[in-house]
Amino acid sequence: MPAKELKITPIKNGTVIDHISNGLALEVLRIIGAHTLDKDSTVSVALHVRSNKIGWKDIVKVENMELSPRKVNAIALIAPTATISIIRDYKVREKRSVDLPERIVGVLKCPNANCISNQPEPIESEFEVTNRHPVILTCAYCDRETSDFLHHLA
Ligand SMILES: Nc1ncnc2c1ncn2[C@@H]1O[C@H](COP(=O)(O)OP(=O)(O)OP(=O)(O)O)[C@@H](O)[C@H]1O
Ligand SMILES: [Mg+2]
Ligand SMILES: [Zn+2]
């Protein structure tokens, strides 16, 4: 059999998040809220899989779930190489790379403890993407810049 082997059972309907930077699958599970899924939805995770594109990668496959734009944005921040495939009736219906919009709303907490978006009044955090390579976000409320997304996911 050629290199294209299937290491995870196929799913009928759901979402495949592939080409996740090596080691970040558990963060992706946290973002998609894998623990909130109903009992009939299997989540498969492959860690440290050989990839022609990015060396080593992780893969997450979730049955019966499609991702909200907010979740896709959060994944794009921590795993910009990820691709998202929608599976319907065992086939890939749609596949796209994650990409960052100009503004990221409600996904990250501002690292500035004094920022108005961190006060008890519920104001949604909002960042502008002010640099793309590397990604730097600037808080719309206090202008604090951040490039540490992993530790500030809301
Ligand atoms: N029925 C299925 N169940 C689970 N995963 C699937 C199913 N069909 C496709 N996939 C996965 O969805 C992703 C996209 O499928 P596709 O066939 O386009 O993969 P590919 O040829 O490896 O493309 P690429 O790696 O360039 O995105 C792959 O990770 C593949 O393993
Ligand atoms: Mg592939
Ligand atoms: Zn702020």
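Which residue forms a salt bridge with Glu-66, and how far apart are the closest N and O atoms? I will come back to that pair in a moment, but let me begin by saying that what you have in front of you is a predicted model, and that everything I describe was computed from it.

Let me start with the overall picture. The protein chain has 154 residues, of which 42% are buried, and its secondary structure comes to 2 helices and 9 strands. Read from the N terminus, the elements follow the order β-α-β-β-α-β-β-β-β-β-β. The C-alpha trace spans about 55 × 35 × 25 Å along its principal axes, and the chain has an accessible surface of about 9300 Å², with carbon and sulfur atoms contributing 50% of that area. If we take the contacts with a separation of 6 or more, 59% of them are between residues 24 or more positions apart.

Now to the opening question. The partner of Glu-66 is Arg-88, and the closest N and O atoms of this salt bridge are 2.8 Å apart. Glu-66 sits in the loop between strand 3, residues 55-63, and helix 2, while Arg-88 belongs to strand 4, so this pair ties together parts that are 22 residues apart in sequence. Both ends count as partly exposed, Glu-66 with a relative accessibility of 46% and Arg-88 with one of 38%.

This pair is one of 7 salt bridges found in a search of the whole structure, and I would like to show you two others. In the first of these, the side chains of Arg-132 and Glu-102 meet at 4.0 Å, N to O. Here Arg-132 comes from strand 7 and Glu-102 from the loop between strand 5 and strand 6, so that distant parts of the chain, 30 residues apart, are linked by the pair. Arg-132 is partly exposed at 37% relative accessibility, whereas Glu-102, at 59%, counts as exposed.

In the next salt bridge, Glu-128 and Arg-103 bring their side chains together at 3.6 Å, N to O. Because Glu-128 lies in strand 7 and Arg-103 in strand 6, the pair ties together parts that are 25 residues apart in sequence. Glu-128 is partly exposed, with 36% relative accessibility, and Arg-103 is partly exposed as well, with a relative accessible area of 38%. Arg-103 is also part of one network with Glu-126 and Glu-128, joined by salt bridges that share partners.

Let me turn next to helix 2, which covers residues 69-78. How many of its 10 residues are buried? The count is 7, so we can describe the helix as mostly covered, given that buried means under 20% relative accessible area. The buried residues are Val-72, Asn-73, Ala-74, Ile-75, Ala-76, Leu-77 and Ile-78. Among the elements that cover them are strand 1 (14-21), helix 1 (25-32), strand 4 (83-88) and strand 5 (91-97), and strand 6 and strand 8 also take part.

The last stop is the metal site. Which residues are the protein donors of the zinc ion, ligand 3? They are Cys-110, Cys-115, Cys-139 and Cys-142, each through its SG atom, at 2.3 to 2.4 Å from the ion. Along the sequence, these donor residues follow the spacing C-x4-C-x23-C-x2-C. And why is the arrangement around the zinc ion (ligand 3) tetrahedral? The 4 donor atoms subtend angles of 100 to 115° around the ion, and the arrangement is tetrahedral because a set of four donors counts as such if all angles lie between 85 and 135 degrees.

If we look at where two of these donors sit, Cys-110 is in the loop between strand 6 (103-105) and strand 7 (126-132), and Cys-142 is in the loop between strand 8 (135-139) and strand 9 (145-146), so that this pair ties together parts that are 32 residues apart in sequence. Their surroundings can be described too: Cys-110 is buried, with a relative accessible area of 4%, and Cys-115 is buried at 1% relative accessibility, whereas Cys-142 is partly exposed at 27%. As a final point on cysteines, the structure holds 0 disulfides.

Methods
Residues are numbered from 1 along each chain as its sequence is written. Chains are lettered from A and ligands numbered from 1 in the order in which they are written. This is a predicted model: local features need pLDDT of at least 70, side-chain atom pairs count only at pLDDT 80 or more; totals for chains, interfaces and linings use all residues. Side-chain values use heavy atoms; hydrogens and water are left out. Donors are N, O and S atoms within 2.8 Å of the metal (3.2 Å for Na, K and Ca); water is not among the atoms, so sites may look incomplete. Four donors count as tetrahedral if all angles lie between 85 and 135 degrees; four count as square planar and six as octahedral if opposite donors are over 155 degrees apart and all others between 65 and 115; anything else is irregular. Helices (H or I, at least four residues) and strands (E, at least two) are DSSP runs, numbered from the N terminus. Buried means under 20% relative accessible area, exposed over 50%, partly exposed in between (1.4 Å probe, protein chains only). Contact means heavy atoms within 4.5 Å. A disulfide is a pair of cysteine sulfur atoms within 2.5 Å. Accessible areas come from the Shrake-Rupley method with a 1.4 Å probe; for residues, only the protein chains shown count as cover.
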